[in-house]
Amino acid sequence: FAPWEDPEAKPIIQFKNVTKRFGDFVAIDDLTVDIYEKEFFALLGPSGCGKTTMMRMLAGFETPTEGTILLSGKDIAPVPPNKRAVNMMFQSYALFPHLSIWDNIAFGLRRDNLPKNDVKDRVEEMLRLTRMEKFARRKPHQVSGGQRQRVALARSLAKAPKLLLLDEPLGALDKKLRQDTQFELMDIQEKTGTTFVIVTHDQEEAMTVASRIAVMDNGKIIQVSTPDAIYETPNSTYVADFIGEVNIIEGKATSVGEKLSMAWAEGQPEIVGTPTTEFEKGQSVHFAIRPEKVSISAEKPETANAVQGKILDIAYLGNISTYHVELPGGQIIKAQAANNRRLSRRSFTWEDNVWLGWTDTAGVLLGR
Ligand code: ATP
């Protein structure tokens with residue numbers, strides 16, 4: 001049982017109808033969500049959608065205009081930021097440049113007047129956890145960006161917070177290091193059992209690290225689910241389009257029931273799909289399908305859906321290629337196929353007339 005499917009599980013964080021206004025501007029709009037212990041929860045969304053505002057309310061730097069936030073069942077409103085079992089790691093890391101890495105990690109523990117030996121044990125544990133033992137005596141500017149990121153993490157976890165908030169923690173790292181560090185972050189999260197809430201606008205990062213992702217827009221959570229559910233069964237064209245590549249075709253339902261038929265262009269066969277929500281006849285429908293779910297072939301395929309078109313563009317990506325296929329009405333559909341290295345680089349070329357096919361469960365039918 002994942003905690004969010006377990007009716008007995010107690011959330012560590014609960015947003016209950018939280019609204020945050022800055023003057024007339026609504027930054028967070030009547031938002032309700034539960035986050036469970038040991039989750040690695042990602043807030044994903046475009047710039048300005050309210051991700052940082054949610055974090056700042058958890059940390060205590062902002063207070064909700066309406067609604068309540070509970071931490072382990074208790075309203076956090078009366079608890080000052082330094083008394084919350086919450087720590088926030090900023091993108092800038094905010095390390096003290098004149099202090100050694102050892103002293104940076106020890107800083108918060110000493111401020112709490114922890115006995116000397118306890119400080120030493122805890123700092124050493126954090127250095128081991130982040131594989132920074134060898135660098136303990138160096139200053140922050142004497143280590144690499146990735147190592148600085150690990151020091152910041154060690155310092156944030158030193159006081160064993162229940163909840164660690166990470167605001168674009170890997171934003172300063174280049175792509176390769178960023179990917180390696182994502183795995184380290186997951187490993188450390190698992191070892192410490194701390195609940196992590198991460199803000200990112202990198203969808204791949206969210207997909208990699210998160211137990212669940214909340215996709216946000218304009219101060220609202222549009223969908224919250226596991227990475228695979230977000231990818232496979234988005235609840236809206238907004239989410240489908242935000243995560244990964246997708247083809248979206250608009251049309252009208254001509255028949256509904258166990259199967260839905262959708263008319264979408266003159267002279268084209270109707271698209272047949274298996275709806276997961278209810279539709280009415282005549283209702284406008286958006287059909288969303290990932291490029292890798294669309295097959296491409298020279299002969300007409302046996303699938304429930306098959307359309308013919310001409311290859312406009314090909315993006316060669318090594319193991320796969322993405323084909324942009326133009327249908328007679330002008331609609332462009334992206335299809336992906338594996339490349340067969342032994343034969344030729346790819347099986348199709350520009351201007352080829354091809355068939356595209358997909359089964360009746362390969363895409364999702366969306367009402368919005
Ligand atoms: P980004 O990815 O760019 O960091 P975000 O999703 O974290 O964006 P927030 O920083 O939460 O977005 O801001 C949400 C909205 O609230 C933005 O439109 C922002 O301009 C506004 N906002 C945030 N803080 C304040 C403030 N103190 N006063 C007025 N408006 C604010």
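**View 1. Ala42 and its partner across two parallel strands.** In this predicted model, Ala42 has its bridge partner in strand 8, and that partner is Ile198. The two strands here are strand 3 (residues 40–44) and strand 8 (residues 195–200), which run parallel and are joined by five bridges. If you're new to sheets, strands pair through backbone hydrogen bonds, either parallel or antiparallel.

**View 2. The open sheet around that pair.** Step back and you'll find six strands in an open sheet, in the order 6-7-8-3-9-10, with mixed pairing. Which strands stand at the edges? They're strand 6 (86–89) and strand 10 (220–225); each has a single partner strand, so one side of each is left without a neighbour in the sheet. From one strand to the next, the twist averages 20 degrees. Helix 4 (residues 145–157) packs on this sheet, where it touches strand 6 and strand 7 (163–167). The direction of helix 4 makes about 165 degrees with that of strand 6.

**View 3. The largest nonpolar core.** This core has 86 residues, and Ala42 turns up again here: along with Ile105, Ala154, Leu165 and Val197, it's among those with the most contacts inside the core. Where does the core lie? Domain 1 (3–238) and domain 2 (245–366) both give residues to it, so it lies between them. Zoom in on Ala154 and, leaving aside neighbours within four places in sequence, you'll see it in contact with Ile105, Met126, Leu127, Leu129, Thr130 and Met132.

**View 4. Gly108 and its contacts.** Gly108 sits in helix 2 (residues 101–111). Is Gly108 buried or exposed? It falls in between: Gly108 is partly exposed because 18 other C-beta atoms lie within 10 Å, while 20 or more would make a residue buried. Skip the neighbours within four places in sequence, and the contacts of Gly108 are Arg155, Ala158 and Lys159. Take Ala158: Gly108 and Ala158 are 50 residues apart in sequence, yet 7.7 Å apart in space, C-alpha to C-alpha.

**View 5. Two hairpins that share strand 17.** Strand 16 (residues 305–316) pairs with strand 17 (residues 320–326) in the antiparallel sense, over six bridges. One of the partnerships to look for is Tyr316 with Ser321 in strand 17. Three residues lie between the strands of this hairpin, and Gly318 takes a positive phi near 90 degrees. Strand 17 also runs antiparallel to strand 18 (residues 332–338), with seven bridges joining them. There, Glu326 stands opposite Ile332 in strand 18. The hairpin of strand 17 and strand 18 has five residues between its strands, and Gly330 in the turn has a positive phi of about 100 degrees.

Notes: Residues numbered from 1 in each chain as written. Predicted model: local features only at pLDDT ≥ 70, side-chain atom pairs only at ≥ 80, totals over all residues. Helix = DSSP H or I, 4+ residues; strand = E, 2+ residues; numbered from the N terminus. Buried ≥ 20, exposed ≤ 12 C-beta atoms within 10 Å, placed from the backbone. Contact = placed C-beta atoms within 7 Å. Pairing = 2+ DSSP bridges. Axes fitted to C-alpha atoms, helices over the stretch in contact; angles between N-to-C directions. Core = buried A, V, L, I, M, F, W, Y, C linked by C-beta atoms within 7 Å. Domains from an automatic or database assignment.
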